Amino acid sequence: MNRLDLIRELTKHLTTERDAKLAVCKTFEIMGEALRDNRKVVISNFGTFKVKERMPRQMRNPKTNQRVMVGPRKSIRFKPSKKLTIGM
């Protein structure tokens, strides 16, 4: 399911597609702002999004086999809720 599919599904429950698009876009915008501010986003019965900071490390360039130092970076991690089941 992508963003457009989500908007179409939400349109079934709201009055217009414009309202659904606004709701989806604003939700993702707010979540993105929170993650950029290093805040955790918790959605009950779905899961938790949080920013993880990775330490600088040494890697190898596969083409030249030369060692390269990669600086610190941030990545987003998702941990699903225990109540989120996918037909297991």
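## Reading charge, rings and salt bridges

Me: Lys 79 has its place in strand β5. Is Lys 79 buried or exposed?

Reply: This is a predicted model, and accessibility is read from it by cut-off, with buried meaning under 20% relative accessible area and exposed over 50%. Lys 79 has a relative accessible area of 61%, so the residue counts as exposed.

Me: Which residues form a positive surface patch?

Reply: A patch takes in residues that have over 30% relative accessible area and no salt bridge, with like charges joined within 9 Å. Here the positive patch consists of Lys 40, Lys 50, Lys 52, Arg 57, Arg 73, Arg 77, Lys 79 and Lys 82. The elements that contribute two or more residues to this patch are β2 (47-54) and β5 (73-80), and the largest share, three residues, comes from β5.

Me: How many aromatic pairs does the structure hold?

Reply: Rings pair if their centres lie within 6.5 Å, and planes that are neither under 30 degrees nor over 60 degrees apart count as tilted. There are two aromatic pairs in the structure. In one of them, the rings of Phe 46 and Phe 78 have centres 5.5 Å apart and planes at 45°, so the pair is tilted. Because Phe 46 lies in the loop between β1 (41-43) and β2 while Phe 78 is in strand β5, this pair ties together parts that are 32 residues apart in sequence. Phe 49 and Phe 78 also form a tilted pair, at 4.7 Å centre to centre and with 40° between the planes; since Phe 49 belongs to strand β2 and Phe 78 to strand β5, the parts tied together are 29 residues apart in sequence. Ring pairs thus link Phe 46, Phe 49 and Phe 78 into a cluster.

Me: Where do the rings stand in terms of accessibility?

Reply: Phe 46, at 35% relative accessibility, counts as partly exposed, as does Phe 78 at 36%, whereas Phe 49, at 17%, counts as buried.

Me: How many salt bridges are found in a search of the whole structure?

Reply: The search finds four, among them one between Arg 8 and Asp 5, whose closest N and O atoms are 3.9 Å apart. These two residues are three apart in helix α1 (residues 3-11), so about one helical turn separates them. Lys 26 and Glu 29 also meet in a salt bridge, at 3.3 Å from N to O, and being three residues apart in helix α2 (residues 17-36) they too are separated by about one helical turn. Another salt bridge joins the side chains of Arg 39 and Asp 37, at 3.7 Å from N to O.

Methods:
Residues numbered from 1 in each chain as written. Predicted model: local features only at pLDDT ≥ 70, side-chain atom pairs only at ≥ 80, totals over all residues. Heavy atoms only, no water. Patch = residues over 30% accessible without salt bridge, like charges linked within 9 Å, V, L, I, M, F, W, Y side chains within 5 Å. Areas by Shrake-Rupley, 256 points an atom, 1.4 Å probe, with all protein chains shown as cover. Lys, Arg positive; Asp, Glu negative; His and termini not counted. Charge placed at Lys NZ, Arg CZ, Asp CG, Glu CD. Helix = DSSP H or I, 4+ residues; strand = E, 2+ residues; numbered from the N terminus. Buried < 20%, exposed > 50% of the residue type's maximum accessible area, 1.4 Å probe, protein only. Phe/Tyr/Trp six-rings, centres within 6.5 Å; stacked < 30°, edge-to-face > 60°.
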